[in-house]
Every structure is written in structure tokens, then in C-alpha cells.
Amino acid sequence: IDLLLFHSIGVFCCGFRARSMMNDKTTETSRNDCLDYMHLRKQNDIKTKSQIQKPEKPKKHRKKLTPTNKKLIRVDLEDAIEHTEEVFASLSDEPRALSSPLPMFSSNHPSSSWSKAPDNIFKVRGKSYLTDRIKIPSAPAPFTCRGVDMFLTDNPERHIARHPSVLGGQLSLEDTFLVNFLLPFGNFVIYFSIPPLCSMPKNVASVWTKFINGNQQDRDDRLKLLPLVVDGPWIVKKAVGHGPALLGQAIPLQYYFTQPTDKKKGVYEVDVIITASRIAKGILNVVKSHTKRLTIAFAFIIEAAKESELPETVLASCQLHSLHLELCPQLPKYFLEDESDDSYDS
């Protein structure tokens, strides 16, 4: 029995050892197989990447020019050059500067032009203004605008009526009321024809007669300018305002009045010296920056100080449209003798 038990234990141990050896061999085989598989996978990946090729960009084939195509291109270039020369020729034919006077406003001249302002847009003193302070739209102005000049010069001229170029050389054809603004960059001049006294309303004729026959102080106390921005930027409307101003209270004025005779017409020139007023130059700087986008009306009024002179009426008015200063003409050189007197009447 002991021998049988000992034999059985020996057989069991041998079997267990054989099985352990078999398992070890299997494990080793599996590990080797796994390594071989990974090596093979890596080789396949390398081969696959080497087989992948980037797509080739299509080759651009430049079309060969045939003699016919070359001829057509040459003709097109010649036509383009000829057209360009025609454009430049047409531009060179156009005047680079405006004439004297500026043109009247029309469909052909929508900018850098002037027109008659509707006088009812201006508010003036009513019949009972001295008691109720009510202003009313003005009646039609008795003076009509003859024209407007804008001359560029670094030395604006006083008593510009002496210059032969003003109003296109036509100043002496009619009795004229002339307002000459002396600006830092030129002379802005407005001309109005004066009708006979008998054709004016009595109150207007009365204040006009007192104005031309008065002294410097009388004139400074009566002449008013009422500017009105009809169309333009808000900043210009703010700077210009909407009420009348006695010119002589803020800006130095000079008067050059020549009474009519049998041989020549009368000329009544008022010089408004903007260059001598800091406030006026400040307003002008704002206006100058927007002249191309601006329609501005000017009314000149002789103030009615008595009940018999009421209601007020605009004496003369005009409006200016989209002025292009760079196109305005230079003031032609002409020797004008200096006049030292503050006013000149003859």
C-alpha cells in the first residue's frame, strides 16, 4: 500500500511538472507571436505610407498667342490709349477757374453759383414792433442782385469798385449798391442794382435816403446783415445763427459812396473788414470748411428805428450755392492807390 501511494504521488508530481513546462512554453510562444505581429504591423504601416502619394497639381498651360490674337491685343491697347488721350484733352479744355461774376444758379450750374433769395424767409420788424416786438416775413426787396464775385488774394482790396475787373467789367452800367467783404483769403463782393426812389415803398425810400446821406456813426447804427443757412451742416447753422446783426457794432466798416452824375452811375460801396474782427474770423473758419455743402442766404436791412419807418423790409438779398473756393479766380493785379480816410464820399 505504501509503495502504491508513493508511486501515485510520483506520477502526480511528474504530471504537474510536465503541465507547468507546457504552460511556460505556451506563454513564451504567445509573447513571441505578439512581438512578431507588432513588427509585421509596423512594416505594413511604413509600406502603406510610402505608397500614399500627394495629388499632383494640375499644370497650367499658357495659351500661345497666335498672330491674330497679338493683332487684336495691339488694337485694344491702341484704342485704350486713344480714349485716355481724349479724356485728358477734354479735361484740359475745361476752365480751371470760375469767371467774374459767378454764374447764376441753374441746372447747368448747380454749384459755385448764386441766385435770388426768397425774401419771405427773412423775419423783420413788423408794423407795431416798437410795442409788441413781433417780427414778420419780409416783403420783396426793392434792390435786385446783379451778381457775385469771389476773388482770391492774399491782400484783399478796399474800395474794390475802382478795380476794372469787378462784375466782369460791367459795374458802371447801373447805379449799384456794393458790399465788399474783406476776407483773409480774398474779396467776396455782392452787387445790387438801385431802383429810382419813386419806385420804392415810402418807408424804404426814407431809410435809404437817411443812410446814404448820414455820417459814419449813423450808417454803423443802421446797417444790418441777416445771414440764413438754407442748407448745410448743423455746426455751420450753429456758428452763423439765425438773427440779424448790426454790422458796425462788431466789425469795422468803411463807406465809399459816389453820387450819380450825368456822365456816370452812382456806386455805394460798403467794405466789411472781416480781417479786423476775431469773432468774425472764427465764424468764417467754420463756414469756409463747409462751403461745398452749403447754401447760405444774405439779407441786408436798414434798421427801422421809428414807427414811420416800419414795417422793415429787406433792402437787398441773394444766396450762394456750394462754393468751390479752389476754382474761384485770382484777383487780377491792378494798381489801386491807397486811401487812408475811413470813408469816402463824392
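How much space lies in the largest cavity? In this predicted model, the largest cavity holds about 60 Å³ of space. The structure is a predicted model in which local features need pLDDT of at least 70 and side-chain atom pairs count only at pLDDT 80 or more, whereas totals for chains, interfaces and linings use all residues. Residues are numbered from 1 along each chain as its sequence is written, and side-chain values use heavy atoms, with hydrogens and water left out.

The protein chain contains 8 helices and 13 strands, with helices (H or I, at least four residues) and strands (E, at least two) taken as DSSP runs numbered from the N terminus. Of its 346 residues, 37% count as buried; buried denotes under 20% relative accessible area, exposed over 50%, and partly exposed in between (1.4 Å probe, protein chains only). The accessible surface of the chain comes to about 22,600 Å², and 57% of this belongs to carbon and sulfur atoms; accessible areas come from the Shrake-Rupley method with a 1.4 Å probe, and for residues only the protein chains shown count as cover. Among contacts (heavy atoms within 4.5 Å) between residues at least 6 apart in sequence, 69% join residues at least 24 apart.

A search of the whole structure yielded 1 cavity of 30 Å³ or more. On a 1 Å grid over the protein atoms alone, a cavity is a set of points where a 1.4 Å probe fits but cannot get out, and a pocket is an open set with protein on both sides within 12 Å along at least five of seven lines; lining residues have an atom within 4 Å of a point. Grid points are joined across faces, edges and corners, and a volume is the space filled by probe spheres set on the points. The lining of the largest cavity consists of Asn203, Val204, Val207, Ile302, Ala304, Glu309, Pro311, Glu312, Thr313 and Leu315. Helix 4 (residues 202–213) supplies the largest share of this lining, 3 residues. By class, 6 of the lining residues are nonpolar, 2 polar and 2 charged, where Ala, Val, Leu, Ile, Met, Phe, Trp, Tyr, Cys and Pro count as nonpolar, Asp, Glu, Lys and Arg as charged, and the others, Gly among them, as polar. Pro311 of the cavity lining lies in the loop between strand 11 and strand 12 (316–321), and a cis peptide bond, with omega about -5°, joins leucine 310 to proline 311.

The largest pocket encloses about 770 Å³ of space. Its lining comprises 33 residues, of which Phe181, Leu225, Ile274, Ile283 and Phe298 lie nearest the centre. Elements that each supply at least two lining residues include strand 5 (176–183), strand 7 (223–231) and strand 11 (295–302). The largest share, 6 residues, comes from helix 8. The pocket lining divides into 28 nonpolar, 4 polar and 1 charged residues.

Strands 7 and 11 also belong to an open sheet of 5 strands in the order 1-12-11-7-8, with antiparallel pairing. Strand 1 and strand 8 stand at the edges, each with a single partner strand, so one side of each is left without a neighbour in the sheet. Strand 7 pairs with strand 8 in the antiparallel sense over 2 bridges; two strands are taken to pair if DSSP finds at least two bridges between them. In this pairing, lysine 224 stands opposite leucine 246 of strand 8.

Strand 9 (residues 253–258) is mostly covered, with 6 of its 6 residues buried. Leu253, Tyr255 and Phe257 are buried on one side, and Gln254, Tyr256 and Thr258 on the other. Strand 9 pairs in the antiparallel sense with strand 10 (residues 267–273) over 6 bridges, and leucine 253 has valine 272 as its bridge partner. Aspartate 271, also in strand 10, counts as buried at 0% relative accessibility. Leaving aside neighbours within four places in sequence, aspartate 271 is in contact with Arg158, His159, Asn180, Leu182, Pro252, Leu253, Gln254 and Tyr256.

Serine 112 lies in the loop between helix 2 (67–93) and strand 1 (113–115) and is buried, with a relative accessible area of 3%. Its phi is near 50°, a positive value in a residue other than glycine. Serine 112 and histidine 321 are 209 residues apart in sequence but 5.7 Å apart in space, C-alpha to C-alpha. The loop between helix 2 and strand 1 also holds proline 101, and the peptide bond from serine 100 to proline 101 is cis, with omega near -5°.
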